[in-house]
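Reader: Got a minute to go through some labels with me? I'd like to hear the reasoning behind each one.
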Amino acid sequence: MRGTRAERRPRRLSRETLMEATAHEKFPNVFWSANVTELFERAAYYSMASFVVIYLGQLGFGAYWPSNLNGILWTLVYFLPILSGTIADQVGFRRSLLVAFVLLAAGYLLMGYPVWFGGADLAPVVGESFTAPAPVVAAVVTGILLIGAGGSVIKPCVSGTVQKTAGVRATLGFAIFYMVINIGSLFGRGTGYVVRRGYGTLTILEVVAVCAVAAAALVYLVNKATEAKEQGRGARMTIPFLAVIVTAVAIIGGIVGGAERVETGDSLSYIFAVAACASVAAFFVVLFFYREPPVAATTPAKPRRSIGRILIDMVLVLRNGRFTLFLVLMSGFFFVYNQVYNVLPLYAKRVIEPSPAMDLYTAANPFVIVCLQLAITQYFGKMKAIRSIVVGTVIIGVSMLINVYPIYAAGGMRTIAANWLPLGSVFVILTVALIAFGELFTSARMYEYIGSLAPKGQEGLFLGYANLPLALGSLAGGPAGAFIFNDIMANGATTRPDGLLELVPAQAALGWSVLMGIGFLSALAMWLFNRWLERQPAAR
């Protein structure tokens, strides 16, 4: 029996009804296993990233090569996804992830090999001269290449999995993905600190357990925060995020404070053991729990892309003068950002204190992002993309300038502030926090701006090159950062009895001012570029 026309008419659902219907849908298991692997990978990388230039300097790589090699590592991680992402899409995410984590584990082990098995000793201070023997150089360079190659595979695979499995909940899916990156970064640094400080196995396991529970709580809050954001209440979720992190830090502090250290001193090479273990754990998560994301039968097969096709596409993209100019200008932001892992560690280790906790100091970055992301989005999300990028770049310039204050403060940068840390180290933490604040204004809006620059119908192709500014900034930031520290800040410096450098105040201030100037010039250039672009005919 045929129904009436009204009965046969499809019922239209309101946006609120659709949101309510999808709010209770569960993500498939592969979504969660992919995010767990991303958490482990980020924990692995950031457990050691803050110390690479210090470690290589103590290993005998001299004053310049640690930053040069660190710049190459970051460049590989952000440039190679153009190739590795395409390859992973063709051979399968699961197989690619397994190979990637093997490469990562091997790379991290090679980084620690010279100290563990090669008979090398870490000098108490970073030396000026290159004294590392050939076997040490071979192990470190090979390790960096393996980490760069393996790390470049992970994000395309995990983000691709999120895209394929999130469905109508893509916004929430990518919010969880972005939060997982920062959760892994935050807790990887904390675990690395406990391990390198020589605490016992039980203490380490207790800290890892607290981190795991806190990570699960934060992911749960992301789910709630997305619903609150849709209702205009996202900023209110700052307090719950902050409460979870502060509680976790307090519990970990209590655990560590009541524990005895098994080893004295600072076993810096152990950070690579943490990274290798996290990579092995991720490998087994993929092996036992990750399955290739399902593809609908109606989805057309993607055409296979050869290396030649990838290079042709790269030429096509970079021939777009406006887009290429934007990438170059945008790299100024990431040039300054990269100094968190070049100039700041060198400055803290060689000038402020003999054993800076750079893993904890740089944890200010993910801490700020996790706690303030929703508030920034709610209050500044309607700001034009280019204005937001300019504001973020100005902020990152200011973050460099504030380090001038401890140089001229009463008592100097080594004065202990509030019975806690040297004043210079406090400002290093504030610098990292401000950089994270600038990142909240800049990073996400960069993708939006790239989408507006791309020719119509080619947005996906152009967005595939969105990481090039990070690669360019890292490639230039390594050697330039070493030059700014060694040839500007440390120019005319003398060595104190404790091995720290006594800088000429004017030279130190000049170095920070140069970094600030690069940030401000980048912001100005980006603003002028957009003004010029607005006066040009649309290229669509």
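Reader: Okay, where is Asn419 placed?

Author: Bear in mind that this is a predicted model. Asn419 sits in the loop between S1 and S2.

Reader: And what makes Asn419 exposed?

Author: The cut-off for exposed is over 50% relative accessible area. Asn419 comes out at 79%, so it counts as exposed.

Reader: Where is Ala418, and why is it called exposed?

Author: Ala418 belongs to the loop between strand S1 (416–417) and strand S2 (421–422). Its relative accessible area is 74%, and the label needs over 50%, so Ala418 is exposed.

Reader: What is the phi of Ala418?

Author: A positive one, about 55 degrees, although Ala418 is not a glycine. Asn419 has a positive phi near 55 degrees too, and it is also a residue other than glycine.

Reader: On to the helices. Why are H11 and H17 called roughly antiparallel?

Author: The axes of helix H11 (residues 238–257) and helix H17 (residues 364–380) cross at roughly 165 degrees and come within 8 Å. Angles over 145 degrees count as roughly antiparallel, so H11 and H17 get that label. Their crossing is right-handed.

Reader: Which residues make the contact?

Author: From H11 you have Thr238, Phe241, Leu242 and Ile245. H17 brings in Phe367, Val370, Cys371, Leu372, Leu374 and Ala375.

Reader: How many residues of that contact are nonpolar, polar or charged?

Author: Nine are nonpolar, one is polar and none is charged.

Note on methods. Residues numbered from 1 in each chain as written. Predicted model: local features only at pLDDT ≥ 70, side-chain atom pairs only at ≥ 80, totals over all residues. Heavy atoms only, no water. Helix = DSSP H or I, 4+ residues; strand = E, 2+ residues; numbered from the N terminus. Buried < 20%, exposed > 50% of the residue type's maximum accessible area, 1.4 Å probe, protein only. Axes fitted to C-alpha atoms, helices over the stretch in contact; angles between N-to-C directions. Parallel < 35°, antiparallel > 145°, perpendicular 65-115°, else oblique. Left-handed = near helix turned anticlockwise from the far one by under 90°. Contact = heavy atoms within 4.5 Å. Nonpolar A, V, L, I, M, F, W, Y, C, P; charged D, E, K, R; others polar.
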